Amino acid sequence: MGNIESSLLNIGYLETLSYQQTPLHRLDPRVKLLTTLIFIVAVVSFGKYEITGLVPFLIYPVVLIAVGNLPPGYLAKKILLAAPFAFFIGIFNPLLDRAVLVHLGPVGISGGWVSFASIMIRFTLTVSAAFILIAGTGLNAVCLALDKMGAPRIFVMQLLFLYRYIFVLTAEALRMVRARSLRAFDGRGLGFSSYSSLVGHLLLRTLERARRIHLAMLSRGFDGKIHLLRPLHLHGRDVVFFLGWSGLFVLLRLYNLSQWGGAWIMGLVQ
Amino acid sequence: MSHHIIELEDLHYAYPDGNQVLQGISFRITHGEKVALVGANGAGKSTLLLQFNGCLLPASGRVRIGEMPVTKKTLTHVRRTVGLVFQDPDDQLFMPLVFDDVAFGPLNLGLSPEEVERQVMQALAAVGAVHLKDRPPYHLSGGEKRAVAIAAVLSLAPAILVMDEPTSNLDPKTRRQLIELLKTFDHTLIVASHDLDMVLDLCPRTLVLKEGRIAADGPTGAIMQNEELLASCNLEKPLRLQGCPVCHPA
């Protein structure tokens, strides 16, 4: 129960972060959305054993967190929360792919471990980029950007409604769960039968609320189309942000900066 | 011709499960009147409110708004004329930001962006909620939500304002502010409520609903003094009309 409540507050915190006024927050949401997409495509398009090429991409989340005044610790926790998904996708690679690929002195590292590490790095990069997008823009503005860029209106609206009512629904579920636990003594009454009835009731209440919302929409002239009135304007800084970062991503994708840097330092040493 | 009149003629309505909720209701509310709709839980108040703007259509009988009968064909006009404020603001505030929500109605009417902006700011100013315009509705307090829900309806410039339990869940000061605000409106106003003290303050006329019929229709002062009537309808004298427990202990 405490978990539901705290995760609710957590979502709320992500939203609060997006109210800040920093150079990152002032950018046009479309630009941030597109840049994030290009970043993700660039990161996932590397070969399965790539590690060195991925590392320089860390500059994007690091710079954005600094510019957008976002709390790195909080974002790291969020990423850790999602980490098990990537972990279980990659964890069987070391078992299946045992051919030794890299030698670190006397230790041979198999291809499986390398690809597992690569998966984890990619996961960290892409998920942090997504969180930064939300914390630096706000989901509502991201939806607006999706809409302006031609995503189907119905999906955008679904997402907006989901985001609007997830708070109402969770609060309602929370109250029901709390009411149940207050009358369940010694763990009796917390079993599956009361759970299924609780979920059923939640569904009925949700349907009833959906009906009332629909009535409220009809009462204000809803005719099947939702109109949004929020003009977006591209500024010079938006173009610079977009071109600068996507140029860098292409560069990092085509040339392995880590190897160049390493070779250069080795050259200096010799 | 006035849009500000609501007239019901022998209205009957039953829910699809066969529950007869409204059984022959007739009354006429004229321009600028402030009317309270009171009655027990389940007397049919909310169902009646939904008839006023065609959310529900009567099984028999007729609802007229101005000179226009409420039918499927006249819905657009009727909904522009009758603004309905729901009991739970969470049902009514569904757009991502307060501004979007208040703009929802005007945009559906196809007004120009400048006109929409003007209407929205005017409506928000009327309820004192301009500073909330860029906030998402779920971060608002109960009183703020209520104010915004009212603004969302005012932005349509309705001639008739219909409200379901406007003072429920408000703290006393917010409730008082809302009552003062509603007093300043020159709309025709219909309020369904259990808050009889608010009714006493706001509405010169009261309709008492009992088991789907009109039990009484008259000046609020007289109805609120009629203890027999009130008791038979699960109501009670407004607290303000009852003796002071300190000066006159029972």
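This is a short talk on a predicted model with a chain A and a chain B.

Okay, hi everyone. Please keep in mind throughout that what you see is a predicted model. Let's start with chain A. Its secondary structure comes to twelve helices and two strands. If you walk along from the N terminus, you meet six helices, then the two strands, then six helices again. And how spread out is chain A? Its radius of gyration is 24 Å, well over the 18 Å that the globule rule gives for 270 residues, so chain A is more spread out than a compact globule. You can also picture a box: the C-alpha atoms of chain A fill one of roughly 75 × 55 × 30 Å along the principal axes. Of its 270 residues, 25% count as buried.

Now zoom in on one helix, H8 of chain A, residues 139-148. Eight of its ten residues are buried, so this helix is largely enclosed by the rest of the structure. Among those buried residues are Leu139(A), Val142(A), Cys143(A) and Asp147(A). What do the buried residues of H8(A) pack against? Look for helix H3 (29-44), helix H7 (111-137) and helix H9 (153-182) of chain A. Then, just after H8(A), you come to Gly150(A), which takes a positive phi of about 95 degrees.

Next, where the chains meet. Chain B puts 26 residues into the contact, and chain A puts in 20 residues. On the chain B side, helices H2 (75-81), H3 (89-92), H4 (98-108) and H5 (113-126) each supply at least two residues. Which one gives the most? That's H4(B), with six residues. By class, this side of chain B has 16 nonpolar, five polar and five charged residues.

On to the sheet in chain B. Quick reminder: strands of a sheet pair through backbone hydrogen bonds, either parallel or antiparallel. Here we have an open sheet of six strands, in the order S6-S7-S8-S3-S9-S10, and the pairing is mixed. At the edges sit S6 (82-85) and S10 (213-219) of chain B, each pairing on one side only. From one strand to the next, the twist averages 15 degrees. Take S9(B), residues 205-210: this strand pairs with S10(B) in the antiparallel sense over six bridges. If you want to find one of the partners yourself, Thr206(B) has Gly218(B) as its bridge partner in S10(B). There's a helix on this sheet too: H6(B), residues 142-154, packs on it and touches S6 and S7 (160-164) of chain B. The direction of H6(B) makes about 165 degrees with that of S6(B).

Last topic, the cores. In soluble globular proteins, nonpolar side chains tend to be buried together. The largest nonpolar core in this model has 78 residues, and those with the most contacts inside it include Leu37(B), Val102(B) and Val148(B). Our helix H6(B) supplies the largest share of this core, eight residues. What does Val102(B) touch, leaving aside its neighbours within four places in sequence? Its contacts include Val120(B), Leu124(B), Val148(B) and Ala151(B). A second, separate core of 36 residues includes Leu27(A), Ala42(A), Cys143(A) and Ile226(A). Notice Cys143(A), which we already met as one of the buried residues of H8(A).

One more residue to look up: Ile65(B), in strand S4 (residues 60-65) of chain B. Ile65(B) is buried, with 25 other C-beta atoms within 10 Å. Cys247(B) is 182 residues away along the chain, and the C-alpha atoms of the two are separated by 48 Å. That's my tour, thanks!

Methods:
Residues are numbered from 1 along each chain as its sequence is written. Chains are lettered from A and ligands numbered from 1 in the order in which they are written. This is a predicted model: local features need pLDDT of at least 70, side-chain atom pairs count only at pLDDT 80 or more; totals for chains, interfaces and linings use all residues. Helices (H or I, at least four residues) and strands (E, at least two) are DSSP runs, numbered from the N terminus. The radius of gyration is taken over C-alpha atoms; the globule rule is 2.2 Å times the number of residues to the power 0.38. A residue is buried if 20 or more other C-beta atoms lie within 10 Å of its own, exposed if 12 or fewer, and partly exposed in between; C-beta atoms are placed from the backbone. Two residues are in contact if their C-beta atoms, placed from the backbone, lie within 7 Å. Ala, Val, Leu, Ile, Met, Phe, Trp, Tyr, Cys and Pro count as nonpolar, Asp, Glu, Lys and Arg as charged, and the others, Gly among them, as polar. Two strands pair if DSSP finds at least two bridges between them. Axes are lines fitted to C-alpha atoms, for helices over the stretch in contact, and angles run from 0 to 180 degrees between N-to-C directions. A nonpolar core is a set of buried Ala, Val, Leu, Ile, Met, Phe, Trp, Tyr and Cys residues joined through C-beta atoms within 7 Å.
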